[in-house]
Amino acid sequence: MSDLKNMNLILLGAPGAGKGTQAKRIIKNYGLIHISTGDIIRNEINSKSELGKEVQEVVSNGNLVSDDLVFKLLKSKIETSENGCLFDGFPRTLNQASMLNLEVEINKVLFIDVDDDVVMERITGRRLDPETGNIYHLEFNPPSEEIKERLIHRKDDTYEVAESRLNVYREETEPLIDLYASKGMLVKVDGNGTPSEVEQKIADELFNGVKV
Ligand code: ADP
(Lines give C-alpha, C1' and ligand atoms only; values in the text may rest on other atoms or scores of the structure.)
Protein backbone atom coordinates (compact mmCIF):
# COMPACT_ATOMS: atom_id res chain seq x y z
CA MET A 1 0.00 0.00 0.00
CA SER A 2 2.91 2.36 0.60
CA ASP A 3 3.19 3.26 -3.09
CA LEU A 4 -0.44 4.38 -3.17
CA LYS A 5 0.14 6.55 -0.12
CA ASN A 6 2.97 8.37 -1.87
CA MET A 7 1.12 9.05 -5.09
CA ASN A 8 0.27 12.65 -5.92
CA LEU A 9 -3.09 12.79 -7.63
CA ILE A 10 -5.15 15.49 -9.30
CA LEU A 11 -8.94 15.28 -9.31
CA LEU A 12 -10.50 16.79 -12.42
CA GLY A 13 -14.15 17.26 -13.28
CA ALA A 14 -16.87 19.84 -13.75
CA PRO A 15 -18.26 21.64 -10.72
CA GLY A 16 -20.74 19.22 -9.16
CA ALA A 17 -19.09 16.16 -10.71
CA GLY A 18 -18.55 14.71 -7.25
CA LYS A 19 -14.90 15.62 -6.62
CA GLY A 20 -15.41 16.65 -2.99
CA THR A 21 -17.58 13.61 -2.28
CA GLN A 22 -15.06 11.19 -3.77
CA ALA A 23 -12.07 13.02 -2.30
CA LYS A 24 -13.40 12.30 1.20
CA ARG A 25 -13.66 8.59 0.34
CA ILE A 26 -10.24 8.45 -1.31
CA ILE A 27 -8.46 9.99 1.67
CA LYS A 28 -10.28 7.61 3.98
CA ASN A 29 -9.56 4.54 1.83
CA TYR A 30 -5.96 5.28 0.88
CA GLY A 31 -4.65 7.76 3.45
CA LEU A 32 -3.88 10.59 1.03
CA ILE A 33 -3.89 14.24 2.12
CA HIS A 34 -6.79 16.25 0.71
CA ILE A 35 -5.74 19.62 -0.68
CA SER A 36 -8.87 21.43 -1.80
CA THR A 37 -8.37 24.95 -3.06
CA GLY A 38 -12.15 25.47 -2.76
CA ASP A 39 -11.92 24.74 0.98
CA ILE A 40 -8.77 26.86 1.37
CA ILE A 41 -10.48 29.80 -0.37
CA ARG A 42 -13.73 29.41 1.61
CA ASN A 43 -11.72 29.34 4.87
CA GLU A 44 -9.97 32.53 3.84
CA ILE A 45 -13.33 34.17 3.12
CA ASN A 46 -14.75 33.03 6.48
CA SER A 47 -11.73 34.40 8.32
CA LYS A 48 -12.80 37.87 7.05
CA SER A 49 -9.18 38.76 6.27
CA GLU A 50 -8.43 41.47 3.68
CA LEU A 51 -7.49 38.73 1.24
CA GLY A 52 -10.73 36.94 2.07
CA LYS A 53 -12.81 39.99 1.23
CA GLU A 54 -10.97 40.36 -2.05
CA VAL A 55 -11.63 36.78 -3.15
CA GLN A 56 -15.24 36.72 -1.92
CA GLU A 57 -16.28 39.20 -4.60
CA VAL A 58 -14.69 37.08 -7.35
CA VAL A 59 -16.07 33.74 -6.11
CA SER A 60 -19.64 34.91 -5.58
CA ASN A 61 -19.81 35.88 -9.26
CA GLY A 62 -18.75 32.41 -10.37
CA ASN A 63 -15.33 33.58 -11.57
CA LEU A 64 -11.94 32.06 -10.87
CA VAL A 65 -9.56 33.59 -8.33
CA SER A 66 -6.35 34.72 -10.10
CA ASP A 67 -3.70 32.06 -10.71
CA ASP A 68 -1.12 33.89 -8.60
CA LEU A 69 -3.39 34.36 -5.63
CA VAL A 70 -4.71 30.81 -5.47
CA PHE A 71 -1.19 29.49 -5.94
CA LYS A 72 0.05 31.59 -3.04
CA LEU A 73 -2.62 30.07 -0.80
CA LEU A 74 -1.89 26.57 -2.08
CA LYS A 75 1.88 26.81 -1.78
CA SER A 76 1.92 27.20 1.98
CA LYS A 77 -0.20 24.03 2.18
CA ILE A 78 2.10 22.07 -0.17
CA GLU A 79 5.17 23.12 1.79
CA THR A 80 3.84 21.58 4.97
CA SER A 81 2.73 18.33 3.30
CA GLU A 82 4.61 15.18 2.35
CA ASN A 83 3.97 13.28 -0.88
CA GLY A 84 0.63 11.54 -1.17
CA CYS A 85 -1.52 14.59 -1.91
CA LEU A 86 -4.89 14.65 -3.58
CA PHE A 87 -5.32 17.97 -5.38
CA ASP A 88 -8.98 18.91 -5.64
CA GLY A 89 -9.89 22.10 -7.50
CA PHE A 90 -6.33 22.82 -8.65
CA PRO A 91 -5.13 23.15 -11.37
CA ARG A 92 -8.09 24.79 -13.06
CA THR A 93 -6.17 26.44 -15.93
CA LEU A 94 -3.23 25.47 -18.15
CA ASN A 95 -1.17 28.15 -16.42
CA GLN A 96 -1.93 26.65 -12.99
CA ALA A 97 -0.91 23.23 -14.33
CA SER A 98 2.52 24.64 -15.24
CA MET A 99 2.81 26.25 -11.80
CA LEU A 100 2.00 22.99 -10.01
CA ASN A 101 4.40 21.08 -12.25
CA LEU A 102 7.28 23.15 -10.88
CA GLU A 103 6.41 22.23 -7.28
CA VAL A 104 5.39 18.56 -7.21
CA GLU A 105 5.55 15.49 -9.37
CA ILE A 106 2.05 14.37 -10.28
CA ASN A 107 1.57 10.63 -10.82
CA LYS A 108 -2.02 10.37 -12.06
CA VAL A 109 -4.97 12.56 -12.94
CA LEU A 110 -8.42 11.23 -12.10
CA PHE A 111 -11.11 12.69 -14.34
CA ILE A 112 -14.67 12.21 -13.05
CA ASP A 113 -16.88 12.47 -16.14
CA VAL A 114 -20.54 13.41 -15.55
CA ASP A 115 -23.29 14.49 -17.97
CA ASP A 116 -24.16 18.21 -18.02
CA ASP A 117 -27.78 17.84 -16.87
CA VAL A 118 -26.69 15.69 -13.92
CA VAL A 119 -24.07 18.26 -12.96
CA MET A 120 -26.66 21.08 -12.81
CA GLU A 121 -28.98 18.96 -10.65
CA ARG A 122 -26.15 18.11 -8.28
CA ILE A 123 -24.90 21.68 -7.90
CA THR A 124 -28.25 23.30 -7.21
CA GLY A 125 -29.21 20.65 -4.61
CA ARG A 126 -25.84 20.65 -2.83
CA ARG A 127 -25.73 21.65 0.85
CA LEU A 128 -22.63 21.96 3.02
CA ASP A 129 -22.34 21.23 6.74
CA PRO A 130 -20.11 24.00 8.14
CA GLU A 131 -19.38 21.98 11.29
CA THR A 132 -18.12 18.75 9.71
CA GLY A 133 -17.38 19.78 6.12
CA ASN A 134 -19.69 16.98 4.94
CA ILE A 135 -21.46 17.46 1.62
CA TYR A 136 -25.15 16.60 1.23
CA HIS A 137 -27.69 16.72 -1.56
CA LEU A 138 -31.34 17.47 -0.85
CA GLU A 139 -32.40 14.53 -3.00
CA PHE A 140 -29.41 12.22 -3.59
CA ASN A 141 -27.80 12.35 -0.15
CA PRO A 142 -30.39 13.91 2.15
CA PRO A 143 -29.31 15.25 5.54
CA SER A 144 -31.10 14.26 8.75
CA GLU A 145 -33.74 16.66 10.14
CA GLU A 146 -31.40 17.35 13.08
CA ILE A 147 -28.65 19.01 11.06
CA LYS A 148 -30.77 20.34 8.17
CA GLU A 149 -31.15 23.78 9.77
CA ARG A 150 -27.43 24.50 9.98
CA LEU A 151 -26.57 23.51 6.39
CA ILE A 152 -25.30 26.12 3.97
CA HIS A 153 -26.43 26.65 0.38
CA ARG A 154 -23.33 28.10 -1.24
CA LYS A 155 -23.89 31.41 -3.06
CA ASP A 156 -22.14 30.01 -6.12
CA ASP A 157 -24.51 27.00 -6.19
CA THR A 158 -27.55 28.91 -7.46
CA TYR A 159 -28.70 28.03 -10.99
CA GLU A 160 -27.38 31.22 -12.64
CA VAL A 161 -23.95 31.16 -11.03
CA ALA A 162 -23.66 27.41 -11.60
CA GLU A 163 -24.27 27.92 -15.33
CA SER A 164 -21.52 30.49 -15.58
CA ARG A 165 -19.17 28.26 -13.52
CA LEU A 166 -19.82 25.49 -16.04
CA ASN A 167 -18.93 27.82 -18.92
CA VAL A 168 -15.73 28.87 -17.16
CA TYR A 169 -14.96 25.17 -16.60
CA ARG A 170 -15.40 24.39 -20.30
CA GLU A 171 -13.19 27.23 -21.44
CA GLU A 172 -10.46 27.22 -18.81
CA THR A 173 -10.30 23.75 -17.28
CA GLU A 174 -11.37 21.26 -19.94
CA PRO A 175 -8.16 21.76 -21.96
CA LEU A 176 -6.35 20.09 -19.04
CA ILE A 177 -8.04 16.79 -19.92
CA ASP A 178 -6.26 16.64 -23.30
CA LEU A 179 -3.02 17.83 -21.75
CA TYR A 180 -2.88 15.03 -19.17
CA ALA A 181 -4.24 12.44 -21.65
CA SER A 182 -1.39 13.28 -24.04
CA LYS A 183 1.07 12.66 -21.21
CA GLY A 184 -0.53 9.26 -20.51
CA MET A 185 -1.53 10.36 -16.99
CA LEU A 186 -5.32 10.52 -17.35
CA VAL A 187 -7.61 7.97 -15.73
CA LYS A 188 -11.22 8.58 -16.76
CA VAL A 189 -14.06 7.32 -14.57
CA ASP A 190 -17.78 7.53 -15.37
CA GLY A 191 -19.21 9.64 -12.52
CA ASN A 192 -22.92 9.29 -13.34
CA GLY A 193 -23.65 6.54 -10.80
CA THR A 194 -24.26 6.68 -7.06
CA PRO A 195 -21.37 7.82 -4.81
CA SER A 196 -20.63 4.18 -3.88
CA GLU A 197 -20.66 3.04 -7.50
CA VAL A 198 -18.26 5.81 -8.45
CA GLU A 199 -16.07 4.99 -5.43
CA GLN A 200 -15.87 1.38 -6.63
CA LYS A 201 -14.97 2.45 -10.18
CA ILE A 202 -12.18 4.62 -8.83
CA ALA A 203 -10.88 1.69 -6.79
CA ASP A 204 -10.95 -0.51 -9.91
CA GLU A 205 -9.39 1.93 -12.38
CA LEU A 206 -6.88 3.73 -10.20
CA PHE A 207 -6.08 1.47 -7.29
CA ASN A 208 -6.23 -1.94 -9.05
CA GLY A 209 -9.39 -2.91 -7.24
CA VAL A 210 -7.87 -2.38 -3.80
CA LYS A 211 -10.19 -0.76 -1.29
CA VAL A 212 -8.73 -0.61 2.18
P1 ADP B 1 -17.58 18.91 -6.74
O2 ADP B 1 -16.61 18.86 -5.60
O3 ADP B 1 -17.06 18.18 -7.97
O4 ADP B 1 -18.06 20.29 -7.08
P5 ADP B 1 -19.45 17.58 -4.89
O6 ADP B 1 -18.71 16.39 -4.38
O7 ADP B 1 -19.59 18.74 -3.96
O8 ADP B 1 -18.88 18.06 -6.32
O9 ADP B 1 -20.89 17.04 -5.32
C10 ADP B 1 -21.89 17.93 -5.82
C11 ADP B 1 -23.27 17.54 -5.27
O12 ADP B 1 -23.70 16.30 -5.83
C13 ADP B 1 -23.30 17.33 -3.77
O14 ADP B 1 -24.54 17.82 -3.30
C15 ADP B 1 -23.20 15.82 -3.56
O16 ADP B 1 -23.88 15.40 -2.38
C17 ADP B 1 -23.88 15.30 -4.81
N18 ADP B 1 -23.23 14.11 -5.32
C19 ADP B 1 -21.90 13.87 -5.39
N20 ADP B 1 -21.67 12.68 -5.97
C21 ADP B 1 -22.89 12.17 -6.29
C22 ADP B 1 -23.33 10.97 -6.93
N23 ADP B 1 -22.46 10.04 -7.37
N24 ADP B 1 -24.67 10.79 -7.09
C25 ADP B 1 -25.53 11.72 -6.67
N26 ADP B 1 -25.20 12.88 -6.07
C27 ADP B 1 -23.88 13.10 -5.88
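Q: What makes a pair of atoms a polar contact?
A: A polar contact is a pair of N or O atoms within 3.5 Å; inside the protein, one atom must be able to donate a hydrogen and the other to accept it, and residues adjacent in sequence count only if both atoms are side-chain atoms. This is a predicted model, where local features need pLDDT of at least 70 and side-chain atom pairs pLDDT 80 or more, while totals for chains, interfaces and linings use all residues. Residues are numbered from 1 along each chain, and side-chain values use heavy atoms, without hydrogens and water.

Q: How do you know that Thr21 makes a polar contact with the ligand?
A: A polar atom in the side chain of Thr21 is 2.7 Å from a ligand oxygen, which is within 3.5 Å, so the pair qualifies. Arg126 offers a side-chain N or O atom 2.4 Å from an oxygen of the ligand, and a backbone N or O atom of Gly193 is 2.7 Å from a ligand nitrogen. The protein buries 93% of the 560 Å² that the ligand exposes when taken alone.

Q: What makes a residue part of the shell around the ligand?
A: One of its heavy atoms must lie within 4 Å of the ligand. The shell has 17 residues, with Gly16, Thr21, Arg126, Tyr136 and Gly193 the closest. Helix H2 (19-30) and strand S6 (135-137) each provide at least two of the shell's residues.

Q: Why is Thr93 called buried or exposed?
A: Buried means under 20% relative accessible area, exposed over 50%, and partly exposed in between (1.4 Å probe, protein chains only). Thr93 has 7%, so the word is buried. You will find Thr93 in the loop between strand S3 (85-88) and helix H6 (94-103). Its side chain makes a polar contact of 3.3 Å with that of Asp67, and one of its polar side-chain atoms lies 3.0 Å from the backbone nitrogen of Gln96.

Q: And why is Lys48 called buried or exposed?
A: Lys48 reaches 63% relative accessibility, so Lys48 counts as exposed. Lys48 belongs to the loop between helix H3 (37-46) and helix H4 (50-60).

Q: What is unusual about the phi of Lys48?
A: Most residues other than glycine have a negative phi. Here, phi of Lys48 is near 60 degrees, a positive value.

Q: How do you know that the bond between Phe90 and Pro91 is cis or trans?
A: Look at omega: it is about 0 degrees, and the peptide bond is cis. Pro91 sits in the loop between S3 and H6.

Technical notes:
Helix = DSSP H or I, 4+ residues; strand = E, 2+ residues; numbered from the N terminus. Areas by Shrake-Rupley, 256 points an atom, 1.4 Å probe, with all protein chains shown as cover.
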